[in-house]
Amino acid sequence: MNQSLTKNDILRLIKQRDKSIVFRKPKKSSKSSPVWEHFCIIVVNDIEQGFVCCDHCKELLVYRQRDGTTSMAKHKRSCHASLTSSSSCSDGQLSVTQYFTSSKSSNVPKGIKDKIKLACTEFTALDCRAFELVTGEGFLKMAQSIFDAGRYFSHLSNINVKELIPSPITISRNIDRLYEEKKVDLLNLCSSMTSYCIICDFWTEKFTGLSYCGLALRHVTKDFKLLNFILGCFLFDSESQSASNIRAFVDSQLLSFGLVLNSNIFVVTDNENKMRAAFKERCIRVGCSIHFVNKQLEHSFTSLEIDKQPVKCDKAQNLFGNAKRIVTHVRRSHRQIKLERKLQLYSDTRFNGAFYMLEVFFNVYDELAGVINKNLIDSLGAIDKDLLEELCGFLKLFDQAIIQLSDEDKPTIHQVIPIRQLLINHCGIKYDDSDGLKEVKHFLGERIKSIWIPQDQHYMSTLLHPSLKHFHIAPHEKNKAIKLVKQQLLKRTSIPVVVAATDSQTGTSTTSSTFNTSTAVPSNDLLGRCFDQSQPVVKLANELDDYMLLETQLHETDDVLLFWKENAKNFPVLSSIVRDIFAIPASNTSVE
């Protein structure tokens, strides 16, 4: 590496936590200046750079041996003076400045101003706030209050917060620079990734007719941290949304980030035919689970026929139609103000939209007679309130499933099979169900089984979750999952893996973990209802068998990636599979 790195180069290495950079204290001698107790020399690849770093504020200063330590001593006086004075007082003794405000204003070091300028720029960018917001009276009062509260821990006193906040022009000038810096960081990350998942969605703005493509990126690092990035919302300027045009457009946008799709890269899209066709080659397409669920819910309330077969949900559809007419009338006639809650219009683009409309409708059902006109009284009278209540209670679990599968902060791919089976079980017909609910249950149960087909990644991820690996919620799926994981192990190692029985009745645990290994307790959490029950196990010979026989039981709030981070050395090949497939989300809602 070039010996004369610039300050920006060094700052970038520090930000990236590059292992080549080291903060080194100089060797002490009788002639060494005492100021070196507060500074470190910057060393990159064992080559000393012309910079030193302040131990207190982390500011970088130019340093040349021939110039001496004058600039360092000056910086120390401005940066460390209050630290030195406060250290001479006992911790329990209050200083005079804690009773009276000093009339002398303190000069703010340039390094601190630069840090606050960056924080303000990020604030306006990440929160989508106006640049002028930072000059508002309310913002200044809030910042001053926070600063005053922190003065007990601060070594600077009587700071005017206006000296810290940059002007809107300064912030606006930093937006592009901040974007470029973050994009460089993302490009560096993309260049180092060998496995990741792309989330893709297309939509058309109905007023302008313009089409857009949303792209997101998910990756699990070597440290088992899940990273999410929105790559952008791009104007789709091709002639048509044909499969070939979609693929060419997505490939070109990904290439600008240094990303190229291949047979090892995952892509999550909705389940439209054009998306299936666009991503059927040179990638592994995984369908959005929520779209499978939502489309069947939509058909149950709005379609008379699907795939040339009658839907046969007449009672529920009649109720839905009457409720929709009343809701539309109340919203358009501005009589909403008379109701305790705001009625929700049905939208086929909103997941489980029928549930949200019917739930609010049920809550204000008794108030509607005094709001609607005479023409809609018959529609209200035709609604069976008992069936309405049944439908709302039945659909609530679907709403919980959609919310859980939409989580962007945690892995969700392993939840698809257990939640799918939970919904199938939920559609089981009971003797006391009304005829209308039986129709809906029958339709949804059959459609989920036939249309929502799990893919290989769903099976493997379920097996690789310690609390789901025995498939107690769906025992008929276990053998397939074991076979798929075995195939992956064979691909990634030259040592044959023999899958042995995993339902033995004796044995002990072979790993230590911070997770709770006690018997699972009843839970109201959706996924917790799918967890396997603890059982005795025996120790087998290879990596897959050893994993299958672990007694570790995760709770709903435990991080499955943290489990694999702690056990990566015990299961190196399995953990590599986890890093690949747990980056796949259960849905593409992050770019919806």
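Where is glutamine 336 found?

1. This note concerns a predicted model, and it starts with the residue just asked about. Glutamine 336 belongs to the loop between helix 9 (314–332) and helix 10 (353–363). With a relative accessibility of 15%, glutamine 336 counts as buried, because buried means under 20% relative accessible area.

2. The surroundings of glutamine 336 can be described in some detail. A polar atom of the side chain of glutamine 336 lies 2.8 Å from the backbone oxygen of arginine 341. When residues up to four places away in sequence are not counted, glutamine 336 touches Val330, Arg331, Arg341, Lys342 and Leu343, and one of these, Val330, is a buried residue of helix 9.

3. Helix 9 itself deserves a closer look. Helix 9 has 19 residues and, from its first C-alpha to its last, reaches 27 Å, which is close to the 27 Å expected at 1.5 Å a residue. Just after helix 9 comes histidine 334, which takes a positive phi of about 60°.

4. Which residues are buried in helix 9? They are Ala316, Gln317, Leu319, Phe320, Gly321, Asn322, Ala323, Ile326, Val327, His329 and Val330. What covers these buried residues includes helix 8, helix 10, helix 11 (377–381), helix 12 (385–405) and helix 14 (435–451).

5. One of the covering elements can be followed further. Two packed helices are described by the angle between their axes and the distance between the axes. The axes of helix 8 and helix 9 come within 7 Å and cross at roughly 85°, and that makes helix 8 roughly perpendicular to helix 9. On the side of helix 8 the contact is made by His299, Ser300, Phe301 and Thr302, while helix 9 contributes Ala316, Gln317 and Phe320.

6. Helix 8 (residues 289–302) also holds a pair of charged residues, lysine 295 and glutamate 298, which lie three residues apart, about one turn of the helix. An α-helix has 3.6 residues a turn, so residues three or four places apart point the same way. Lysine 295 forms a salt bridge with glutamate 298, and the closest N and O atoms are 3.6 Å apart. How exposed are the two partners? Lysine 295 is partly exposed, with a relative accessible area of 40%, whereas glutamate 298, at 17% relative accessibility, counts as buried.

7. The structure holds 18 salt bridges, and some others may be set beside the pair in helix 8. Lysine 225 forms a salt bridge with aspartate 223, with the closest N and O atoms 4.0 Å apart; lysine 225 is partly exposed, with a relative accessible area of 48%, and aspartate 223 is partly exposed, with a relative accessible area of 35%. Lysine 410 forms a salt bridge with aspartate 407, where the closest N and O atoms are 4.0 Å apart. Lysine 410 is partly exposed, its relative accessible area being 43%, and aspartate 407 is partly exposed at 26%. In addition, Lys110, Asp114 and Lys117 are linked in a network of salt bridges.

8. Another pair of helices can be read in the way used for helix 8 and helix 9. Helix 16 (residues 478–492) and helix 19 (residues 572–581) pack at an angle of about 110°, and their axes are 10 Å apart. Helix 16 and helix 19 are therefore roughly perpendicular to each other, since angles from 65 to 115 degrees count as roughly perpendicular. Where they meet, Val485, Gln488, Leu489 and Arg492 are the residues in helix 16, and Val573, Leu574, Ser576, Ile577 and Asp580 are those in helix 19.

9. Strand 2 (residues 39–44) offers an example from the strands, for valine 43 is found there. Is valine 43 buried or exposed? At 0% relative accessibility, valine 43 counts as buried. The C-alpha atoms of valine 43 and phenylalanine 23 are separated by 6.2 Å, although these residues are 20 residues apart along the chain. Leaving aside neighbours within four places in sequence, valine 43 is in contact with Ser20, Ile21, Val22, Arg24 and Glu48.

10. Finally, the chain as a whole may be considered. The secondary structure of the chain comes to 19 helices and eleven strands, and buried residues make up 44% of its 592 residues. Among the contacts in the chain with a separation of 6 or more, 64% are accounted for by residues 24 or more positions apart.

Note on methods
Residues numbered from 1 in each chain as written. Predicted model: local features only at pLDDT ≥ 70, side-chain atom pairs only at ≥ 80, totals over all residues. Heavy atoms only, no water. Helix = DSSP H or I, 4+ residues; strand = E, 2+ residues; numbered from the N terminus. Buried < 20%, exposed > 50% of the residue type's maximum accessible area, 1.4 Å probe, protein only. Polar contact = N/O pair within 3.5 Å; in protein donor to acceptor, adjacent residues only side chain to side chain. Contact = heavy atoms within 4.5 Å. Salt bridge = Lys/Arg side-chain N within 4 Å of Asp/Glu carboxyl O. Expected span 1.5 Å × (residues − 1). Axes fitted to C-alpha atoms, helices over the stretch in contact; angles between N-to-C directions. Parallel < 35°, antiparallel > 145°, perpendicular 65-115°, else oblique.
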